[in-house]
Amino acid sequence: MGQGAEPQTPVASGMLEVTPRSPASRFSSSSGCVNHALCLPYLYVPEPSQWLHYRPLVDVAIKEMAVRMIHHTDVHWRHVGIYRYGDREHAVLFDHAGSRVETQRDRHSLVAVMMDGLGRCESKGCCGPKPAAAAAA
């Protein structure tokens, strides 16, 4: 970017825009984040007792990724963040280290694969609190 050039806004670049009116951006200067940034400390990771409540938001996030043919290969509740933008809550998936652009599956099967990962997490409790015996070991 040349000197004096305006930075590309998050909306123009396809990223989420956090405006000065939103709660996350009012701390941006003290947290080291620049304006128009989404910082992980402002995401809420749901507790296991809240998974059912937030599941529809996560389903939307998964479907939005599938529309773009992005396969998040490690979908777990520990990789889900909830944030508020305006008067609505949204889910975002993070930890995309193994994510890739999918070329072998259609969108519907991609959604099914990612939701299956989240379902396994729910049934095994892998992202929930550890039993007391396991934590003491």
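Trainee: How many helices and strands are there in the protein?

Mentor: Good place to start, and keep in mind that we are looking at a predicted model. Reading along the sequence, you meet the elements in the pattern α-α-α-β-β-β-β-α-α. Count each kind of symbol, and the protein has five helices and four strands.

Trainee: Since it is predicted, which element has the highest mean pLDDT?

Mentor: Let's begin with the whole protein, which averages a pLDDT of 72, with 63% of the residues scoring at least 70. The elements spread around that average: helix α1 (residues 10-13) has the lowest mean, 37. At the other end, with a mean of 94, is α3.

Trainee: How many contacts beyond near neighbours in sequence does the stretch of residues 131-137 have?

Mentor: The pLDDT is below 50 over residues 131-137. It is also below 50 over residues 5-38, and that stretch has 29 contacts in the model beyond near neighbours in sequence. For residues 131-137, the number of such contacts is zero.

Trainee: Now the inside, please! Which element gives the largest share of the largest nonpolar core?

Mentor: This core has 21 residues, and V58, I62, W77, V80, L93, M114 and L118 have the most contacts inside it. At least two residues come from each of α3, β2, β3 and α4. The largest share is seven residues, and it comes from α3.

Trainee: Let's visit one of those residues. Is I62 buried or exposed?

Mentor: First find I62 in helix α3. Leaving out residues up to four places away in sequence, I62 touches V75, L93, V111, M114, M115 and L118. Its relative accessibility is 0%, and under 20% means buried, so I62 counts as buried.

Trainee: What does V58 contact, leaving aside its neighbours within four places in sequence?

Mentor: V58 is one of the residues with the most contacts inside the core, and so are W77, V80, L93 and L118. Look for those four around V58, and then add A91. The full list for V58 is W77, V80, A91, L93 and L118.

Trainee: W77 keeps coming up. Which residue forms a stacked aromatic pair with W77?

Mentor: There are two aromatic pairs in the count. In the stacked one, the ring centres are 5.3 Å apart and the planes differ by 5°, which is under the 30 degrees needed for stacking. It links distant parts of the chain, 26 residues apart: W77 is in the loop between β1 and β2, and its partner is in helix α3. Both residues are buried, and the partner of W77 is W51.

Trainee: Over how wide an arc do the buried residues of α4 lie, and what is its value?

Mentor: α4 has 18 residues and reaches 26 Å from its first C-alpha to its last, close to the 26 Å expected. Its buried residues are L110, V111, M114, M115, G117, L118 and C121. They lie on the same side of α4, because the arc they cover around the axis is only 140°.

Trainee: Which exposed residues are on the face of α4 turned away from its buried side?

Mentor: Start from the buried residues, whose cover includes α3 and β1. Then turn the helix to look at the face away from them. There you will find H108, S123 and K124.

Trainee: How far apart in space are L110 and H71, C-alpha to C-alpha?

Mentor: L110 is in helix α4, and its relative accessible area is 0%, so it is buried. Leaving aside neighbours within four places in sequence, its contacts are A66, M69, I70, H71, E102 and R105. Although L110 and H71 are 39 residues apart in sequence, their C-alpha distance is 6.8 Å.

Trainee: One last puzzle: which residue, with phi near 65°, has a positive value without being glycine?

Mentor: M69 also has a positive phi, but at about 60°; M69 lies in the loop between α3 and β1 and, at 14% relative accessibility, counts as buried. The residue you want is in the loop between β3 and β4. It is partly exposed, with a relative accessible area of 37%. Its phi is near 65°, and its name is D95.

Technical notes. Residues numbered from 1 in each chain as written. Predicted model: local features only at pLDDT ≥ 70, side-chain atom pairs only at ≥ 80, totals over all residues. Heavy atoms only, no water. Phe/Tyr/Trp six-rings, centres within 6.5 Å; stacked < 30°, edge-to-face > 60°. Buried < 20%, exposed > 50% of the residue type's maximum accessible area, 1.4 Å probe, protein only. Core = buried A, V, L, I, M, F, W, Y, C linked by side-chain atoms within 4.5 Å. Contact = heavy atoms within 4.5 Å. pLDDT = per-residue confidence, 0-100. Expected span 1.5 Å × (residues − 1). Arc of directions from axis to C-beta.
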